[in-house]
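Me: I should like to understand how the terms used for a structure follow from their definitions. May I put some questions after viewing the model?

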Amino acid sequence: MGQQRKIGRFGAFDLFNGLLMLIVCFATLYPMWFVFVNSFNAPKQALLGTVNWFPKELSLASYSVVFNDKVLMNGFYITTLRTVIGTVAHVLFTAIVAYGLSKTYLIGRKVYMKIALITMLFSGGLIPTFILMTKLGLYDNFLVFIIPAMYSFFNMVIFISFFRTIPDSLEESAKVDGASDYGVLFRIVLPNSMAVIATIALFSAVYHWNDYYQGVIYIRSQDILPLQTMLYKIIAENSMSFMQQQAMAQFGAKLPGNSIKFASMMVATLPILVFYPFIQRYLVKGVMIGAIKG
């Protein structure tokens, strides 16, 4: 009897947890589904803002306006270029720094680690950072997306933890054959570190693709404005007039701002959503790197 009561209590607890997880999943996924459905809805349906599980009147008018907007498509190109270059630069630079600091015989290693730790815990603040970027000539410059994001202490620690799992005999054999430190890194260490490279690349790519703040603070030229910054301005400032004028010229009627907003959000979000599931397993493995020893 006591065992049956215990099983009954655990059954109720599991049921409660299951319902709670369903509620959390629904609250997380429904906003995206709402945007997706209304982006394909007819403009007048999107303007109503009603709750629809599927488009009542299927229409691609909003997407036609978005894809025909040269400014928005240029932002998509800038974001893609930034993501590719920024991810490669971040992984390469962080791996080089981590490889050096992973060696216990490096002179001054503890000092370097403490200095790097301070940069993670403290920052100069917005105004000093803005002045620094301006003095370095990075204001309104595409490189402001790349250079400040080339290094991350957290990602460096992940690299160090993984590099220490590679047997020293591999590096010693390569050095006996005449390989330099860079030769060992690029021919031995990095080819055997694809899992951690994929993990760090995922972290960096998601950051570069989703970041809008750098564009808001440091970019004034429309030619190098990222897509996410444009989307932020569309939503925050309601700057839809130009795109709505295009809609009037193309469809003979003015599309509501909500319809174009929904389509713009899907264009900005869909690529990372499609890309993420293919390398999600590397993210889980990367989080576990260094957690188990022996």
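Reply: A helix is a DSSP run of H or I with at least four residues, a strand a run of E with at least two, and both are numbered from the N terminus. The model is predicted, so local features need pLDDT of at least 70 and side-chain atom pairs 80 or more, while totals for chains, interfaces and linings use all residues. Residues are numbered from 1 along each chain as its sequence is written, and side-chain values use heavy atoms, without hydrogens and water.

Me: What makes up residues 111-131?

Reply: This span is 81% helix and 0% strand, with its end C-alpha atoms 27 Å apart. UniProt, in an unreviewed entry, lists 111-131 among its "transmembrane region" spans; such annotations may be inferred rather than shown by experiment.

Me: How do you know which helix has the lowest mean pLDDT?

Reply: pLDDT is the predictor's confidence in each residue, from 0 to 100. Helix H13 (residues 241-251) has the lowest mean, 48, and helix H4 (residues 70-101) the highest, 89. Where pLDDT is low, the coordinates should therefore not be read in detail.

Me: Why is the lining of the largest pocket described by 23 nonpolar residues?

Reply: Ala, Val, Leu, Ile, Met, Phe, Trp, Tyr, Cys and Pro count as nonpolar, Asp, Glu, Lys and Arg as charged, and the others, Gly among them, as polar. By these classes the lining divides into 23 nonpolar, 10 polar and 1 charged.

Me: Which residues are closest to the centre of that pocket?

Reply: They are Thr-119, Ser-123, Pro-148, Ala-149 and Tyr-151. A pocket is an open set of points on a 1 Å grid over the protein atoms alone, where a 1.4 Å probe fits, with protein on both sides within 12 Å along at least five of seven lines; lining residues have an atom within 4 Å of a point.
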